Amino acid sequence: MTVNVLFAGGADRWPQYEEPLRAALDEAGVTARLAQDIPPDQVDYIVYSPGSWLQDFTPYTRARAVLNLWAGVENIVDNPTLHLPLARMVDEGLTQGMVEWVTGHVLRHHLGLDTHVLHQDGVWRNDQVPPLAHDRPVTILGLGALGRACGAALAALGFPVTGWSRTPRDIARLTCRHGADGLRGALETGRIVVLLLPRTAETENIIDAETLALMPHGAVIVNPGRGPLVDDDALLAALDTGQIGHATLDVFREEPLPPEHPFWAHPQVTVTPHIASETRPASAARVIAENVRRGEAGEALLHLVDRDRGY
Ligand code: NDP
Ligand code: OXD
């Protein structure tokens, strides 16, 4: 039987995804009609990404699931017309990209690379040899697919890593804390704090004046999670007093970050344009195809979102 898979992931992504998706569906043994335009009442699965033209799911009467190309689901999770199972993206390429980005930015701050990279001015600055990783505790808020992988990479380099999640976790080489009580301890130890939480009602403004004050003086924040995790004004105030030594921010409340936003001009802020990582078509297509196969076989889908929890 032919399965109808609607690609509603954006016309700009279609050229990158069409061939890998066809190949992956084929490899998964699924006979599929894959297209950007299929009559709604014939669609079985919807491949989706934020900003899609598809906002009203009501006419998709026989669809069995929405398969998101992004890890973050805040743009679709509250859609009142969506009553279908929603799967988010967990992709080995996306994870590897995030591990590389987080490790790179943590090492930049740990090694004080800017001192030498930005000052090739004839001054021999040999008064500060960087400490070893085991003297620089790192905290990761969020121990999901991405937080766990980044934690493992940083722990392998020797950083003492504390991770924080909503529910209790037990992860080799990481000190795991959870819940409201665990947040204080996680922040108090982190000289570099990496945010890899989803955006939900509970995580919004989790980094505010109160939590910023818990971090060691001069701590560095690295945020590839979501902009609304951080209260921008509180962060700017903490940067101005030196409570926070630097913030490397990849995600923002408004994207693109408006040119007049104070983050751009602040000397202790590094802005990167939501490029920490991205879903990679070749590996992600296999995840989508496996979920279509599972759906057709009556098996549980991978990476299902809990709509009440919001991630
Ligand atoms: P997961 O859903 O796998 O993990 C989310 C983690 O956050 C879990 O450990 C979860 O806890 C924890 N969490 C959620 N809510 C709370 C809370 N209220 N208190 C404490 N912990 C909480 O997500 P991923 O790791 O795959 O992705 C994380 C985020 O990274 C995405 O949602 C997205 O926003 C962002 N992202 C950014 C990219 C970029 O390029 N900048 C690229 C890809 C993703 P528990 O384990 O208990 O469930
Ligand atoms: C994602 C992202 O959520 O790229 O996948 O931010």
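Ala, Val, Leu, Ile, Met, Phe, Trp, Tyr, Cys and Pro count as nonpolar, Asp, Glu, Lys and Arg as charged, and the others, Gly among them, as polar. By these classes, the lining of the largest cavity in this predicted model has six nonpolar, two polar and two charged residues. The residues that line the largest cavity are Asn223, Gly227, Val230, Asp232, Leu235, Leu249, Val251, Phe252, Arg253 and Phe263. The charged class includes Asp and Arg, and Asp232 and Arg253 are both found in this lining. The space inside the largest cavity is about 40 Å³.

Rolling a probe the size of a water molecule over the atoms shows where empty space is left. In this model the count comes to two cavities of 30 Å³ or more. The second largest cavity holds about 30 Å³ of space. Its lining is made up of Leu67, Asn68, Ala87, Arg88, Met89, Val287, Ile288 and Asn291. Of these residues, five are nonpolar, two are polar and one is charged. Strand 4 (65-68) and helix 9 (281-297) each contribute at least two residues to the lining of the second largest cavity. Helix 9 provides the largest share, three residues.

The surroundings of ligand 2 were examined next. Trp70, Ala71, Gly72, Arg226 and His274 surround ligand 2. This shell comprises two nonpolar residues, two polar residues and one charged residue. Three of the shell residues are described here by their distances to oxygen of the ligand. For alanine 71, a polar backbone atom is 2.8 Å from an oxygen atom of ligand 2. For arginine 226, the distance of 2.8 Å runs from an oxygen atom of ligand 2 to an N or O atom in the side chain. For histidine 274, an N or O atom in the side chain is 2.7 Å from an oxygen atom of ligand 2. On its own, ligand 2 has 210 Å² of accessible area, and the protein covers 90% of that area.

Charged pairs within the protein form the last topic. Side chains of opposite charge can pair when their charged atoms come close. The structure contains 14 salt bridges. One of them joins arginine 62 to aspartate 44, with the closest N and O atoms 2.9 Å apart. Aspartate 44 is in the loop between strand 2 (32-35) and strand 3 (45-48), while arginine 62 is in the loop between strand 3 and strand 4, so this salt bridge ties together parts that are 18 residues apart in sequence.

Note on methods:
Residues are numbered from 1 along each chain as its sequence is written. Chains are lettered from A and ligands numbered from 1 in the order in which they are written. This is a predicted model: local features need pLDDT of at least 70, side-chain atom pairs count only at pLDDT 80 or more; totals for chains, interfaces and linings use all residues. Side-chain values use heavy atoms; hydrogens and water are left out. A residue is near a molecule or strand if one of its heavy atoms lies within 4 Å of it. A polar contact is a pair of N or O atoms within 3.5 Å; within protein, one must be able to donate a hydrogen and the other to accept it, and residues adjacent in sequence count only if both atoms are side-chain atoms. Accessible areas come from the Shrake-Rupley method with a 1.4 Å probe; for residues, only the protein chains shown count as cover. On a 1 Å grid over the protein atoms alone, a cavity is a set of points where a 1.4 Å probe fits but cannot get out, and a pocket is an open set with protein on both sides within 12 Å along at least five of seven lines; lining residues have an atom within 4 Å of a point. Grid points are joined across faces, edges and corners, and a volume is the space filled by probe spheres set on the points. Helices (H or I, at least four residues) and strands (E, at least two) are DSSP runs, numbered from the N terminus. A salt bridge is a side-chain nitrogen of Lys or Arg within 4 Å of a carboxyl oxygen of Asp or Glu.
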